[in-house]
Amino acid sequence: YINGRKKELLGQSIQAFLNSVPADRIKEISIYPGATGEDVATEMGRVDVILKKVENASSMTVKTELNWKRKGLYGNQTVFVMYNSNRFTFDANVAYYNYYNRTRSIWYMSYLTNEASSEFEYMTRNREHDWFGDINMECEFDSNHKLYVSFNSFYDTGREKSFSDLNLYAEDFEKLTDGYTHRKYSDDLYVANVEFATNRNKNNWHSISYSYIWGKANNKGKAEETKDGLYSEVLTNNHHNGGQHQLQYKYSYKINEKHTFNAGVRTDFSWLTPESRIGNEKNALMYNEEYDLAENLYAAYVNYKYKKCAWSWMIGLRGEYSDFSAELGQNQTDVDYKKMHIFPSISVNWDAGSWADFSLLFSSGIDRPPFLYYVPNYKYVSEYSYSMGNPALDPSKFYTINLTSLLFDFFYICIKLVHF
């Protein structure tokens, strides 16, 4: 989260974004180890980065880094531009991140029952290039109306090579298996967001926002295996294309200095179209399929907060209705999953003064498998073995208890209990 607004970033794009923000622009960082009623139930917490707002100022920051480690080489270059006037704020950043990484692992195993042993060696080499861009604009028309617009994009491309050797020895036989895989991949993600906020007076606040998320992923590779002198080869080509519409409304009413009420609704409409094509060294088609997956989410929440002196209490309730469907093809049974879940949350906070504060939070959430875990695309390890997703997966509900404390404004402690 940046200034209370969620950034739809994944994987390396998170690191690329954080590297692009100058440290002197950060005012504070708030850590929430558990989800409240306002958060999506799949989130087990969040980090909110609050940026400084300096009126009538502009700046430009250019940064480059190159880091060498034992197993790889890492570098990033960023450009950050900021402009603030009385009622208009603009910032933009562009980042490039690249790395080269290599690993090597060796396992030795002995089997005393049958006097056998095995040796397995696995090596990988990875190279990746990432590009990230982010634009944010905020305009205050007057003291009661505000418009926020943002756009960010992320693109990465890379290749991965892996080598494996498995030797199995026993008293009367020996088996040797050599493997090699080569994979090229690319991913891109684009997010556009518009938010309009208004308040009739200092105690009433409304906001409505719309976000559109679109992306695609490509994965093309080759796997070779030689087992006891027999050679096999598998060629894979996967392509995933998907997107999501998000519409959200929030309302906050400050009854007085002690009591605050929050409520909101949200709808998400998501879709994903995966394609998979598998062949062998003879260019014979082993597998070819395309699927249509869709998930709609309808959610609403209410929160009540009470504050007295150094203590504050908050109780929240969130409801989510999930509608997931998958058209699988190839004579497979289509999946249609509909479920309603309720998620309560309760928190207690104590500000002990300048030296410490303490917080106890009980919350509940749900662990929904990512779209790709549902995809029954074949992922061949060799010509005779493969793995695939399971479209019949069910989500898992969980409950968490978090005890946190910030000591002397720099030492953070968190004790978490999670029950599934």
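**Group meeting: strands, salt bridges and a positive patch**

R318 forms a salt bridge with E320, and their closest N and O atoms are 2.8 Å apart. Before going further: this is a predicted model. Back to that pair. Are R318 and E320 buried or exposed? Both R318 and E320 are buried.

How many salt bridges does the structure hold? There are seven, and I will go through some of them, including the one just named. As background, side chains of opposite charge can pair when their charged atoms come close.

Next is D268 with R266. Their side chains meet in a salt bridge, at 3.0 Å from N to O. D268 is buried, and R266 is buried as well.

K254 and E257 are another case. These two form a salt bridge with 3.5 Å between the closest N and O atoms. K254 has 31% relative accessibility, so it counts as partly exposed. E257 is at 66%, and the cut-off for exposed is over 50%, so E257 counts as exposed.

Now the strands. Strand β11 covers residues 259-280 and strand β13 covers residues 292-308. The two run antiparallel and are joined by 14 bridges. To give one position, L293 in β13 stands opposite L272.

On to the next pairing. Which strand does β13 join through 17 bridges? That is β14, residues 311-327, and β13 and β14 run antiparallel. Within this pairing, A300 has G319 in β14 as its bridge partner. The hairpin of β13 and β14 has two residues between the strands. In that hairpin C309 takes a positive phi, near 55 degrees. A general reminder for anyone looking at side chains here: in a regular strand they alternate between the two faces of the sheet.

Last item, the surface charge. Which residues form the positive surface patch? They are R102, R125, R127, R159, K161, K184 and K220. Strand β6, residues 116-142, supplies at least two residues of the patch, and so does β7, residues 145-169.

Take R125 as an example from the patch. R125 sits in strand β6. Why does R125 count as partly exposed? Its relative accessible area is 46%, and partly exposed runs from the 20% limit for buried to the 50% limit for exposed, so R125 falls in between.

To recap: a salt bridge between buried R318 and buried E320, β13 joined to β11 by 14 bridges and to β14 by 17, and a positive surface patch that includes R125.

Methods: Residues numbered from 1 in each chain as written. Predicted model: local features only at pLDDT ≥ 70, side-chain atom pairs only at ≥ 80, totals over all residues. Heavy atoms only, no water. Pairing = 2+ DSSP bridges. Helix = DSSP H or I, 4+ residues; strand = E, 2+ residues; numbered from the N terminus. Patch = residues over 30% accessible without salt bridge, like charges linked within 9 Å, V, L, I, M, F, W, Y side chains within 5 Å. Areas by Shrake-Rupley, 256 points an atom, 1.4 Å probe, with all protein chains shown as cover. Salt bridge = Lys/Arg side-chain N within 4 Å of Asp/Glu carboxyl O. Lys, Arg positive; Asp, Glu negative; His and termini not counted. Charge placed at Lys NZ, Arg CZ, Asp CG, Glu CD. Buried < 20%, exposed > 50% of the residue type's maximum accessible area, 1.4 Å probe, protein only.
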